[in-house]
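Student: I would like to learn how to read a few local features of a model, beginning with contacts between side chains and ending with the packing of helices.

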Amino acid sequence: MKRAFDDDARRIVGRAQQQARALGHRGIGCEHLLFAVAESADPAGAVLREHGLTPAHVSEQTRRLLSGTATVFDTLDGDALATLGIDLQTVRRTVEATFGPEALRPVRPSPRRRWYRRRPRRPGGHLPVTGRAQRCLDAAAHEAKRAGSTAVDATTLAVAVVTADGGLVPRIVRSTGVPAEALRTAILRRARHAG
């Protein structure tokens, strides 16, 4: 799909690339886009920060989830459990209070030794965009078209990122306790008031 970006959206994608490079990742993923939106001065970035999705939180959650220190709570659907009357955050706090903060951390096997020396990769130039992030950018283009715009802006990009399915973003968003749809609504409401 052909996508046109305004200056704000271009800055966000550029910042996502910088974040991916800073973390040593080989491509730009939705988690990097989420970080860049959260860091932006746009109204969408302000909404994310107000709901706990600060750049520091996104970065910390990305590292934690990729390092294998995710817990069983990261894979559970808090919204679905809430409909049954189960507050996931309360359960987490109770388990950690009873058994300690490390009780929920999975045991990682020791890394295998390699007989060769791996050279660290220093990606230069443009990093590729992952397939999931490509779909996210396509969703932003559809959102812009639906809004009657010819270009993807920070708002449509933010809406597409927070509602991305699969990968790390849904787990990062869930870690704040705010449903993705509530974030989407808040972002669109703020954009209407700002515009």
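Tutor: A polar contact is a pair of N or O atoms within 3.5 Å, where, within protein, one atom must be able to donate a hydrogen and the other to accept it. Bear in mind that this is a predicted model. Here the side chains of histidine 57 and serine 175 are joined by such a contact, at 2.7 Å.

Student: Where is histidine 57 found, and is histidine 57 buried or exposed?

Tutor: Histidine 57 belongs to helix H4, which covers residues 55-67. Buried means under 20% relative accessible area, so histidine 57, at 18%, counts as buried. Beyond its neighbours within four places in sequence, histidine 57 is in contact with Gly52, Ile172, Ser175 and Thr176.

Student: What does leucine 33 touch, leaving out residues up to four places away in sequence?

Tutor: Leucine 33, in helix H2 (residues 30-39), touches Ile12, Val13, Ala16, Ile28, Ala133, Leu137 and Val161. With valine 13, the C-alpha atoms lie 6.5 Å apart although the two residues are 20 apart in sequence. Leucine 33 has a relative accessible area of 1% and is therefore buried.

Student: At what angle do helices H7 and H8 pack?

Tutor: Angles from 115 to 145 degrees fall in the oblique class. Helix H7 (residues 131-146) and helix H8 (residues 154-162) pack at about 130°, their axes 8 Å apart, and are therefore oblique to each other; the crossing is right-handed.

Student: Which residues of H7 and H8 meet?

Tutor: From H7, Cys136, Leu137, Ala139, Ala140, Glu143 and Ala144 meet Thr156, Leu157, Val159, Ala160 and Val161 of H8. By class, this contact has nine nonpolar residues, one polar and one charged.

Key. Residues are numbered from 1 along each chain as its sequence is written. This is a predicted model: local features need pLDDT of at least 70, side-chain atom pairs count only at pLDDT 80 or more; totals for chains, interfaces and linings use all residues. Side-chain values use heavy atoms; hydrogens and water are left out. Axes are lines fitted to C-alpha atoms, for helices over the stretch in contact, and angles run from 0 to 180 degrees between N-to-C directions. Helices (H or I, at least four residues) and strands (E, at least two) are DSSP runs, numbered from the N terminus. Angles under 35 degrees count as roughly parallel, over 145 as roughly antiparallel, 65 to 115 as roughly perpendicular and the rest as oblique. A crossing is left-handed if the near helix is turned anticlockwise from the far one by less than a right angle, and right-handed if clockwise. Contact means heavy atoms within 4.5 Å. Ala, Val, Leu, Ile, Met, Phe, Trp, Tyr, Cys and Pro count as nonpolar, Asp, Glu, Lys and Arg as charged, and the others, Gly among them, as polar. Buried means under 20% relative accessible area, exposed over 50%, partly exposed in between (1.4 Å probe, protein chains only).
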